[in-house]
Amino acid sequence: MSQTITEKGKTIDEAIQKALETLSAEREQVDIKVIQEPESGFIGIFGKKEAIVEVTLNAAFDPEVQAEAYVEDESQKIQALASTFLSDMFNAMDLDVQISTAYETEDDVLKIELSGDKMGLLIGRRGQTLDAIQYLTSLAVNKQTDHHIRISIDTEHYREKRQQTLENLAHKMANKVARSHRKFSLEPMNPGERRIIHATLQDDGRVYTYSEGQDPYRYVVIDLKENDQE
């Protein structure tokens with residue numbers, strides 16, 4: 001939205017000049033609307049009125065408008081890069097996949113939803129194929145952008161279902177650790193899934209979590225807190 005301000009002055013020119021100084025603009029860069037003509041009043045005292053003008057910075061010179069246009073162009077570019085990369089990949093795999101994209105500018109996250117008849121094939125065992133597609137798409141997009149864009153690819157609400165499964169697993173294993181007084185190691189997980197386990201149990205007063213190993217075999221360990229071991 002273009003910047004608009006209202007200024008007063010003894011004359012119209014004075015009011016306009018005040019507005020131009022506030023906007024840091026030249027006269028040819030603004031639109032001017034006179035709201036009130038100056039009046040000297042009765043014997044120059046009673047009923048005296050100042051000039052009032054409304055000055056609007058033209059969109060072509062408004063930095064806020066230019067910034068919004070840049071963000072919109074950047075958003076479209078990022079979505080096009082991802083869609084083209086994925087379309088080429090699925091065509092090579094002879095898969096008919098619909099691609100829906102939404103770019104969240106505040107968080108620099110591109111969310112991609114895939115749909116079609118063979119989504120189980122794209123998900124793979126425990127989401128490994130979907131994770132690989134997401135990783136490759138991230139490489140392709142970020143290779144052509146000047147800042148890092150986080151890519152999130154989902155289909156058939158798999159991510160949400162997987163998160164619920166991991167949260168349930170975390171609570172189940174925490175209960176097992178508390179009962180047995182023995183630590184337990186979970187299966188290797190990717191960084192995102194490990195974060196879910198850590199976040200789920202961070203407020204559990206009985207146990208704590210940490211990661212061990214090297215990717216792609218890094219895993220989460222759930223252990224009793226020291227005060228519970230005593």
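## A tour of salt bridges, a hairpin and two surface patches

Start by selecting D204, which is buried at 13% relative accessibility. This is a predicted model. Now add R206: its side chain meets that of D204 in a salt bridge, at 3.0 Å from N to O. R206 counts as partly exposed, with 29% relative accessibility.

**The hairpin.** Move on to strand β8, residues 207-212, and show strand β9, residues 219-224, with it. The two pair in the antiparallel sense, over six bridges. Pick Y208 and look across to β9: D223 stands opposite. Then follow the chain into the turn. Six residues lie between β8 and β9 in this hairpin. Stop at G213 in the turn, where phi is positive, about 90°. While the strands are on screen, check the side chains: in a regular strand they alternate between the two faces of the sheet.

**The salt-bridge network.** Next, select R126, R162, E187 and E193 together; a network of salt bridges links them. Take the pairs in turn.

Zoom in on R126 and E187. Their side chains meet in a salt bridge of 2.1 Å, N to O. The pair joins distant parts of the chain, 61 residues apart: R126 sits in the loop between α3 (119-123) and α4, and E187 in the loop between β7 (184-185) and α6 (191-201). Colour by accessibility. R126 is partly exposed, at 40% relative accessible area. E187 is also partly exposed, at 29%.

Shift to E193 and R162. This salt bridge spans 2.8 Å, N to O. Here too the pair links distant parts of the chain: E193 belongs to helix α6 and R162 to helix α5, 31 residues apart. Are these two residues buried or exposed? Both E193 and R162 are buried. For the full set, a search of the whole structure finds nine salt bridges.

**The positive patch.** Switch to a surface view. Select K172, K176, R179 and R182, which form a positive surface patch. Find K172 in helix α5, residues 158-180. K172 is exposed, with a relative accessible area of 58%.

**The nonpolar patch.** Last stop: Y135, L136 and L139. These residues form a nonpolar patch on the surface. Together they offer about 310 Å² of accessible area. Centre on Y135, in helix α4, which runs over residues 128-142. Its relative accessible area is 53%, so Y135 counts as exposed.

Notes:
Residues numbered from 1 in each chain as written. Predicted model: local features only at pLDDT ≥ 70, side-chain atom pairs only at ≥ 80, totals over all residues. Heavy atoms only, no water. Patch = residues over 30% accessible without salt bridge, like charges linked within 9 Å, V, L, I, M, F, W, Y side chains within 5 Å. Areas by Shrake-Rupley, 256 points an atom, 1.4 Å probe, with all protein chains shown as cover. Salt bridge = Lys/Arg side-chain N within 4 Å of Asp/Glu carboxyl O. Helix = DSSP H or I, 4+ residues; strand = E, 2+ residues; numbered from the N terminus. Buried < 20%, exposed > 50% of the residue type's maximum accessible area, 1.4 Å probe, protein only. Lys, Arg positive; Asp, Glu negative; His and termini not counted. Charge placed at Lys NZ, Arg CZ, Asp CG, Glu CD. Pairing = 2+ DSSP bridges.
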